[in-house]
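The following note sets out several points for a colleague who is reviewing this model. The points concern charged side chains and the nonpolar interior.

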Amino acid sequence: MLTSGKQSQEEARIQSVLQRLSGITFIPNQWNETIFWETFEETGFTKDEVLHSDDVTFFQKFIDLKWPWEQIEHFADILIALEQYQPNQYLKERAKKTYQFILNESKMYSFQITSKISQL
């Protein structure tokens, strides 16, 4: 099990990767699919897991990797941004289910996440 210091380091590492992914997906002239998926793998998820794994396996991986809820939400935001470059209804559905997973598992209501779900 991770100690709190190691856990904080891991959370910081994941946050750094998510920030880089945001730069790739949210800045139009930064889009490069190969770089995106290579960077994405640094989160612990592969392209195949995102696009093809079943929901239970996908969400269990967040639990196993001990991702904080805020980072899972950021992950879902990136999936929505990715959909702009690779139109795929499945990405929207995966993001929507990820937001719902956060609401269900965190047992906290979030108006912001609820709003994101309704926009999909």
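1. Lys-97 has a relative accessible area of 38% and is partly exposed; this value, like the others below, is computed on a predicted model. The side chain of Lys-97 forms a salt bridge with Asp-55, in which the closest N and O atoms lie 3.0 Å apart. Since Asp-55 belongs to helix 4 and Lys-97 to helix 6, the pair ties together parts that are 42 residues apart in sequence.

2. Asp-55 has a further partner in Arg-94, and the two side chains meet in a salt bridge at 3.1 Å, N to O. This pair also links distant parts of the chain, with Arg-94 in helix 6 and Asp-55 in helix 4, 39 residues apart. Through salt bridges that share partners, Asp-55, Arg-94 and Lys-97 are joined into one network.

3. The accessibility of the network members deserves separate mention. Arg-94 has 2% relative accessibility and therefore counts as buried, the cut-off for that class being under 20%. Asp-55, at 24%, counts as partly exposed, as does Lys-97 at 38%.

4. Which residues form a salt bridge within helix 1? They are Glu-10 and Arg-13, whose side chains meet at 2.8 Å, N to O. Both residues lie in helix 1, three residues apart, which is about one turn of the helix. Glu-10 is partly exposed, with a relative accessible area of 26%, and Arg-13 is likewise partly exposed, at 35%. In total, the structure holds eight salt bridges, including those described here.

5. The nonpolar interior is the next topic. The largest nonpolar core comprises 29 residues. Those with the most contacts inside this core are Phe-36, Phe-40, Phe-45, Val-50, Phe-62, Trp-67 and Phe-75. Two or more residues are contributed by each of helix 1 (4–26), helix 2 (33–40), helix 3 (47–52), helix 4 (55–65), helix 5 (69–85), helix 6 (89–106) and helix 7 (111–119). Helix 4 and helix 6 thus appear both among the contributors to the core and as the helices that hold Asp-55 and Lys-97.

6. Phe-45 may serve as a point of inspection within the core. With neighbours within four places in sequence left aside, Phe-45 is in contact with Phe-40, Val-50, Phe-58, Lys-61, Phe-62, Leu-65, Trp-67 and Phe-75. Among these partners, Phe-40, Val-50, Phe-62, Trp-67 and Phe-75 also belong to the residues with the most contacts inside the core.

Methods
Residues numbered from 1 in each chain as written. Predicted model: local features only at pLDDT ≥ 70, side-chain atom pairs only at ≥ 80, totals over all residues. Heavy atoms only, no water. Core = buried A, V, L, I, M, F, W, Y, C linked by side-chain atoms within 4.5 Å. Buried < 20%, exposed > 50% of the residue type's maximum accessible area, 1.4 Å probe, protein only. Helix = DSSP H or I, 4+ residues; strand = E, 2+ residues; numbered from the N terminus. Contact = heavy atoms within 4.5 Å. Salt bridge = Lys/Arg side-chain N within 4 Å of Asp/Glu carboxyl O.
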